[in-house]
Amino acid sequence: MDSSASASPSAAAAADADRYTYSPRLRWQPEVEEYFAAAYGRERFARISEALAHPSCYSCIRVNTLKSSADAVMHKLMNLVDQNGICGGINDLEIGQLNGVEQEHEGSSLVHKCPYSGLENVLFVQGSGPHALHYDSQPDQSIKEVIVSRKCAESVLRGAQVYVPGVLACSSHVEKGDKVAVSVAIEQPAENGGWTVGITRGTVLQGLQSDAHYEERKGLYIGQGITAMSRSGIFRVPHGVAVAMTERVYKLPSFNDVLEGEIFLQNLPSVVAARVLDPQPGERILDMCAAPGGKTTAIAILMKDQGEIVALDRSHNKVMDILKLAAELDLNCIKAYKLDALKSVRKTNEAKNIGMAGNCATVTLAEDPEPCAKVDAEITDTSEDSSTSVVQTDNKRPDDKRYVSKADLRKNLRQMRNGPGRNNCSGGRVENSKGFLPNSFDRVLLDAPCSALGLRPRLFAGEETLESLGNHAKYQGRMFDQAVKLVRPGGVIVYST
Ligand SMILES: C[S@@+](CC[C@H](N)C(=O)[O-])C[C@H]1O[C@@H](n2cnc3c(N)ncnc32)[C@H](O)[C@@H]1O
């Protein structure tokens with residue numbers, strides 16, 4: 001490289017070996033680091049912190065047992081590994097090293113059944129890493145490079161390709177088909193006491209020490225790949241693969257479009273949460289923070305798609321995600337609604353006023369000619385208390401767009417008695433819910449939103465302060481109060497985070 005041109009070849013090689021490695025150090029707010037070091041012990045927290053910056057070396061797959069069996073899927077996955085190497089191009093030699101012996105069939109050694117009782121629907125597919133990589137360069141030429149965002153790098157470490165929006169900077173003169181080293185730009189302390197990435201998208205790299213964040217990227221190389229477009233293309237087109245990874249620090253299975261509808265990639269603790277809830281066919285279940293629906297669909301499958309799962313999320317688009325996933329897995333017992341879980345207990349006097357027998361007053365009716373998303377926006381924008389503004393109509397002006405007539409409410413009630421009909425399918429629509437009566441669910445899953453500090457790999461943890469961590473706990477506590485009210489006496493609540 002230019003920067004080491006004046007050094008001896010062996011010194012330059014040593015500097016390169018040091019530079020082109022993956023040895024990230026997770027950054028925390030100093031107060032948070034101190035807090036955890038005191039809580040866990042300094043050494044243990046250092047180990048936790050180091051482990052968080054690396055991905056898990058296996059993928060966990062939940063089988064949709066309504067469509068297939070664990071044995072059948074295991075067989076198919078083994079064949080796929082043998083035929084296509086879904087494990088990101090692990091070659092025979094590495095497979096042999098991974099298992100200590102030369103393997104004739106990769107699949108049988110890489111796909112395993114979960115050994116824990118009650119989790120017979122779970123399979124593990126083994127990946128490998130970290131691998132020490134050799135980054136190629138032409139004699140007398142600097143290595144061509146691409147710098148990606150942290151989020152992009154976290155996905156690449158889990159097996160994804162580099163997509164266009166994730167690229168921050170690129171060497172000059174990169175053409176389609178060039179081999180590039182891929183590194184990641186991570187937030188650094190800023191002068192104002194905050195954090196900054198400090199690279200403007202489109203920055204040109206010269207392979208010099210004067211390049212953007214040259215020093216800081218030492219030890220942050222996640223692999224090597226072939227560019228799928230030129231430098232100008234990467235910064236011109238809105239989407240698509242920018243770099244197809246050929247060598248990775250971590251080789252993990254990629255399940256893009258593999259056995260769609262038959263399998264779902266899910267972390268083991270999430271599978272366990274649904275299992276512990278132990279839902280029974282025919283029951284009424286509430287999943288309070290449900291998107292994108294991983295646990296909701298696990299629950300539906302455990303219930304053999306019989307009964308009712310009410311899946312809530314406060315985000316319109318995320319409710320759409322739940323509906324899409326349910327459709328993909330062919331599950332019909334899931335009803336997803338947009339609702340702030342902090343307001344999921346319906347006020348009982350309101351229910352009496354409108355003679356509600358059930359619990360769900362969907363604001364948007366099947367016959368409503370306006371897309372629900374529009375109604376959502378109106379409600380969210382105009383009222384702090386979005387869940388109550390719609391039905392308390394008596395004091396509303398007739399021209400108020402949020403006004404819902406008694407006829408509408410009666411229609412709504414009829415609809416509830418008769419079932420959701422076509423309105424239950426996604427079709428781009430999302431229904432609002434008014435909340436639910438106390439004691440009205442057999443089981444409640446509260447998978448509360450959290451700091452996500454335990455999600456691996458995590459390359460930066462500086463955004464959380466002690467105050468924000470404390471606030472998560474308060475928010476979670478308020479949700480738990482709602483869950484307690486909604487479960488029937490003798491019912492079950494599972495709290496997971
Ligand atoms: C941990 S994720 C849930 C993951 C989900 N249970 C699964 O297994 O796929 C937390 C979810 O809570 C939602 N959320 C956050 N605050 C909420 C609130 N007040 N009411 C409803 N949903 C909320 C977020 O939109 C996010 O989708």
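In which hand, right or left, does α9 pass α10? The tour comes to that crossing at its second stop. The structure on screen is a predicted model, so treat each stop as a description of that model.

**Start: the whole chain**

Display the chain as a cartoon. It has 15 helices and 19 strands. Among its 497 residues, 48% count as buried. Now consider contacts between residues with a separation of 6 or more: 77% of them come from residues 24 or more positions apart.

**Second stop: α9 and α10**

Select residues 268-277, which form helix α9, and residues 294-302, which form helix α10. The two axes come within 9 Å and cross at roughly 45 degrees. An angle of 35 degrees or more but under 65 counts as oblique, so α9 is oblique to α10. The opening question can be answered here: the crossing is right-handed.

Show side chains at the contact. On α9, pick Ser-270, Ala-273, Ala-274, Arg-275 and Leu-277; on α10, pick Lys-295, Ala-298, Ile-299 and Leu-302. Sorted by class, this contact has six nonpolar residues, one polar and two charged.

Keep α10 selected and turn on a surface for the rest of the chain. Eight of the nine residues in α10 are buried, so the helix is largely enclosed by the rest of the structure. The buried residues are Gly-294, Lys-295, Thr-296, Thr-297, Ala-298, Ile-299, Ala-300 and Ile-301. Both Lys-295 and Ile-299 also take part in the contact with α9. After α10, select Lys-304, where phi is positive, near 55 degrees.

**Third stop: α2 and α3**

Go back towards the start of the chain and select residues 30-40 for α2 and residues 42-52 for α3. Their axes come within 6 Å and cross at roughly 120 degrees, which makes α2 oblique to α3. This crossing is right-handed. The residues to show are Glu-33, Glu-34, Phe-36, Ala-37 and Tyr-40 on α2, with Arg-42, Arg-44, Phe-45 and Ile-48 on α3. What classes of residue make up the contact of α2 with α3? There are five nonpolar and four charged residues, and no polar ones.

**Fourth stop: a seven-stranded sheet**

Strands of a sheet pair through backbone hydrogen bonds, either parallel or antiparallel. Hide the helices and look for an open sheet of seven strands in the order β5-β12-β11-β7-β4-β6-β10. Its pairing is mixed.

Select the two edges: β5 at 162-163 and β10 at 203-205. Each has a single partner strand, so one side of each is left without a neighbour in the sheet.

Begin at β5 and step inward. Its partner β12 covers residues 241-248; the two strands run antiparallel and are joined by two bridges. To see one of the pairs, select Tyr-163 and its bridge partner in β12, Val-241. The next step goes from β12 to β11, residues 221-227. These strands also run antiparallel, with five bridges between them. Here, select Ile-226 and its bridge partner in β12, Ala-244.

**Last stop: Asn-332**

Finally, select Asn-332, in the loop between α11 (316-328) and β16 (334-338). Is this residue buried or exposed? Asn-332 is exposed, with a relative accessible area of 59%. Add Gly-307 to the selection and draw a distance between the two C-alpha atoms: they are separated by 9.4 Å, while the residues are 25 apart along the chain.

Key
Residues numbered from 1 in each chain as written. Predicted model: local features only at pLDDT ≥ 70, side-chain atom pairs only at ≥ 80, totals over all residues. Heavy atoms only, no water. Axes fitted to C-alpha atoms, helices over the stretch in contact; angles between N-to-C directions. Helix = DSSP H or I, 4+ residues; strand = E, 2+ residues; numbered from the N terminus. Parallel < 35°, antiparallel > 145°, perpendicular 65-115°, else oblique. Left-handed = near helix turned anticlockwise from the far one by under 90°. Contact = heavy atoms within 4.5 Å. Nonpolar A, V, L, I, M, F, W, Y, C, P; charged D, E, K, R; others polar. Pairing = 2+ DSSP bridges. Buried < 20%, exposed > 50% of the residue type's maximum accessible area, 1.4 Å probe, protein only.
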